[in-house]
Amino acid sequence: MPNKDFRKIIEGKKVLVTGGAGFIGSNLCESLLMQGNKVVCFDDFSTGKIENIESLLTHPDFLLVRGSICNFEECKKVVKGMDLILHQAALGSVPRSIHDPLTTNNINIGGFVNMIFAAVEGGVKRFVYAASSSTYGDHPGLTKVENKIGKPLSPYAVSKYANELYSGVFSSLYGIETIGLRYFNVFGKKQDPEGAYAAAIPKFIKSFIEGKSPVIYGDGNQSRDFTYVENVVHANNLAATTQNPKALNNVFNVAYGESTNLNELVILLRDFLLPFDHSISNIKIIYEKERIGDIVHSLASIKKAKRLLRYSPQFDLKKGLEKAIHWYWENLQRGLPENSAGKKISI
Ligand SMILES: NC(=O)c1ccc[n+]([C@@H]2O[C@H](COP(=O)([O-])OP(=O)(O)OC[C@H]3O[C@@H](n4cnc5c(N)ncnc54)[C@H](O)[C@@H]3O)[C@@H](O)[C@H]2O)c1
């Protein structure tokens with residue numbers, strides 16, 4: 001149900017969300033439906049999950065299309081009649097792209113070009129896409145400002161930067177309106193905690209719930225601008241509707257604008273989980289060798305998004321965790337064996 005602060009920004013549009021069964025995409029689909037839009041979710045379920053959109057399947061304004069952005073014919077079909085595309089489909093994770101650069105390249109670059117060219121051919125006016133803070137690469141500057149980027153540190157970062165380059169070229173060649181949103185370490189409900197490529201927050205929480213030691217790679221002083229998913233939804237709504245010509249064909253940082261290091265993060269998460277299970281206080285943190293390809297410090301300047309998009313994020317890390325912690329607790333407990341250290345209890 002919409003909360004008391006809920007207000008409509010985008011309404012009465014036909015919106016295609018690629019990767020709509022994924023973490024961020026499913027949060028976008030939910031928000032678009034609540035605001036009164038028709039939503040088509042296009043996903044191949046490679047990392048997305050049906051559970052993320054299960055509650056939307058019976059909504060009269062929601063359509064799920066199973067298919068791949070790597071298939072241009074399917075892309076052309078699915079863009080028909082759309083006012084707008086929020087392109088989220090991609091293969092995430094820096095380490096995964098290092099292990100398997102070919103697949104990352106096919107999906108994140110090949111699939112991206114399929115989608116944006118299908119959008120051009122289908123006469124779709126605006127294409128808003130998920131860019132990434134990984135584009136800052138080895139640039140030492142803090143805070144990260146949109147026009148100062150370094151060399152990419154992974155195939156994933158290359159792929160996300162290639163998206164920005166293609167968008168610039170496509171908007172000047174074909175006139176499609178594009179906006180890239182460089183997300184910084186997003187967290188929140190529907191985030192996948194499973195597998196080697198899971199993000200830090202759900203991974204640490206899962207370890208605590210299972211009674212295992214969370215593993216930090218490196219000394220834990222590396223820092224991130226952890227961004228609650230509702231801030232990301234808010235940025236997409238604004239990018240979808242802005243009429244500011246200076247915002248079009250541009251890229252923006254999407255973050256809260258505060259950094260937290262991993263040592264601080266893991267303690268904060270432990271404190272958030274203690275009311276659920278006090279035995280978590282005994283769990284020690286394990287430190288392992290740092291991973292290649294990771295940026296050391298990441299902190300966004302959000303001035304540009306504030307100025308041109310009127311972006312105003314409402315949730316810092318603590319406020320976001322307050323909203324998300326129950327979801328993590330309930331969902332990460334599923335599948336735990338009966339005698340696991342993480343007891344199935346609720347508060
Ligand atoms: N989560 C973050 O912190 C973060 C940070 C920066 C950028 N991003 C970007 O945001 C977007 C969404 O990320 P997420 O965290 O929700 O990841 P996710 O893995 O949960 O979602 C990606 C979705 O894309 C779908 N997909 C993958 N390949 C596809 C294909 N060939 N055809 C159709 N669908 C396909 C997956 O099944 C999944 O549902 C991605 O583009 C990602 O690169 C995420």
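T143 is placed in the loop between strand 5 and helix 5; helices (H or I, at least four residues) and strands (E, at least two) are DSSP runs, numbered from the N terminus. A cis peptide bond, with omega of about 5°, joins L142 to T143. The structure is a predicted model, in which local features need pLDDT of at least 70 and side-chain atom pairs count only at pLDDT 80 or more, while totals for chains, interfaces and linings use all residues. Residues are numbered from 1 along each chain as its sequence is written, and side-chain values use heavy atoms, with hydrogens and water left out.

Two further residues stand out by their backbone angles. F45 has a positive phi of about 60° although it is not a glycine. F45 belongs to the loop between strand 2 (38-43) and strand 3 (62-66). With 18% relative accessibility, F45 counts as buried; buried means under 20% relative accessible area, exposed over 50%, and partly exposed in between (1.4 Å probe, protein chains only). N249, also not a glycine, has a positive phi of about 55°. The loop between helix 7 (229-241) and strand 11 (250-254) holds N249, and at 43% relative accessibility this residue counts as partly exposed.

The ligand is surrounded by 27 residues, and the closest are D43, T47, Q88, Y156 and V186. A residue is counted here if one of its heavy atoms lies within 4 Å of the molecule. The table lists polar contacts of the ligand, a polar contact being a pair of N or O atoms within 3.5 Å; within protein, one must be able to donate a hydrogen and the other to accept it, and residues adjacent in sequence count only if both atoms are side-chain atoms.

| Ligand atom | Protein partner | Distance |
|---|---|---|
| oxygen | I24, polar backbone atom | 2.8 Å |
| oxygen | T47, side-chain N or O atom | 2.7 Å |
| oxygen | G48, polar backbone atom | 2.9 Å |

The protein covers 90% of the 820 Å² of accessible area that the ligand has on its own (Shrake-Rupley method, 1.4 Å probe; for residues, only the protein chains shown count as cover). Helix 1 (23-34), strand 5 (126-132) and helix 5 (155-174) each give two or more residues to the shell around the ligand. Strand 5 contributes the most, with three residues.

Finally, N331 lies in helix 10 (residues 317-333). A polar atom of the N331 side chain lies 2.8 Å from the backbone oxygen of W327. The C-alpha atoms of N331 and K189 are separated by 9.1 Å, although these residues are 142 residues apart along the chain.
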